[in-house]
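Student: I'd like to work through this model with you, one question at a time. Ready when you are!

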Amino acid sequence: MLSKKFSPTTSYSEVGHTLADETGRKEWLSTITPSTQLRDLPSFDATVSPETLTVVLNERFHSQPELPGVIVATENRLCGLVSREMLLNHLSRPFGIDVYMKRPILLMLEADRFQHLVLPADIPVGEAAERALSRLASH
């Protein structure tokens with residue numbers, strides 16, 4: 001199966017392309033079934049501390065356009081997740097750049113108040129999708 005952590009430009013002999021090109025993505029996605037486990041999906045090793053300045057995270061998203069988000073955590077505590085969409089949403093608000101850019105990313109997490117869904121790596125993709133979709137309906 002696929003490695004646990006990889007870049008979307010990593011080549012896989014099974015598809016003969018990279019996940020960064022359209023053909024490679026389509027061929028790789030065709031191998032996913034509802035019973036595929038979350039651990040088998042592409043992931044990024046992207047973690048920042050809660051003290052990381054928002055401007056630093058914004059620069060990271062600009063320099064890594066394939067990065068969908070980052071985990072915000074200390075050595076022993078998960079603080080949350082900041083997606084590219086969440087960051088852009090907060091920065092595009094009135095005074096968003098002034099409020100967040102020179103401050104720690106934890107401030108944005110505290111303002112967001114969204115409870116992220118944390119699932120075990122061995123859960124099937126189909127069950128994870130059901131949980132995520134039912135959770136969205138209840139918010």
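Student: What phi does Arg113 take, just after H5?
Tutor: Heads-up: this is a predicted model, where local features need pLDDT of at least 70, side-chain atom pairs count only at pLDDT 80 or more, and totals for chains, interfaces and linings use all residues. Residues are numbered from 1 along each chain as its sequence is written, and side-chain values use heavy atoms, leaving out hydrogens and water. Now, most residues other than glycine have a negative phi. Right after H5 (helices are DSSP runs of H or I, at least four residues, and strands are runs of E, at least two, both numbered from the N terminus), Arg113 has a positive phi, of about 60°.

Student: Where does Phe95 sit, and is Phe95 buried or exposed?
Tutor: Phe95 also has a positive phi, near 65°. Its place is in the loop between H3 and H4. Buried means under 20% relative accessible area, exposed over 50%, and partly exposed in between, using a 1.4 Å probe and protein chains only. With a relative accessible area of 63%, Phe95 is exposed.

Student: Back to H5: within what arc do its buried residues fall?
Tutor: The buried residues in H5 are Ile105, Met108 and Leu109. Look down the helix axis and take the directions from that axis to the C-beta atoms. These residues line one face of the helix, because their arc is 100°.

Student: Which residues of H2 are exposed on the face turned away from its buried side?
Tutor: Start with the buried ones: Thr54, Leu57, Asn58 and Phe61. They're on the same side of H2, because they cover an arc of only 100° around the axis. In general, an α-helix has 3.6 residues a turn, so residues three or four places apart point the same way. The face turned away carries the exposed residues His62 and Ser63.

Student: What covers the buried residues of H2?
Tutor: Here we look for contacts, meaning heavy atoms within 4.5 Å. The cover includes two strands, S4 (69-73) and S5 (78-83). It also includes the helices H3 (84-92), H4 (96-100) and H5 (105-112).

Student: How many bridges join S4 to S5?
Tutor: Two strands pair if DSSP finds at least two bridges between them. A hairpin joins S4 to S5 through four residues, and Ile71 stands opposite Leu81 in S5. The two strands run antiparallel, and the number of bridges is five.

Student: What separation do the C-alpha atoms of Val72 and Val82 have?
Tutor: Val72 lies in strand S4 and is buried, with a relative accessible area of 0%. Leaving aside neighbours within four places in sequence, Val72 is in contact with residues including Val48, Leu78, Val82 and Ile105. Val72 and Val82 are ten residues apart along the chain, and their C-alpha atoms are separated by 7.1 Å.

Student: In the largest nonpolar core, which residues touch the most other members?
Tutor: A nonpolar core is a set of buried Ala, Val, Leu, Ile, Met, Phe, Trp, Tyr and Cys residues joined through side-chain atoms within 4.5 Å. This one has 16 residues, and those touching the most other members are Val70, Val82, Leu87, Ile105 and Met108.

Student: Which elements each supply at least two residues of this core?
Tutor: The whole chain has six helices and five strands, running β-β-α-β-α-β-β-α-α-α-α from the N terminus on. The elements that each supply at least two core residues are H2, S4, H3 and H5.
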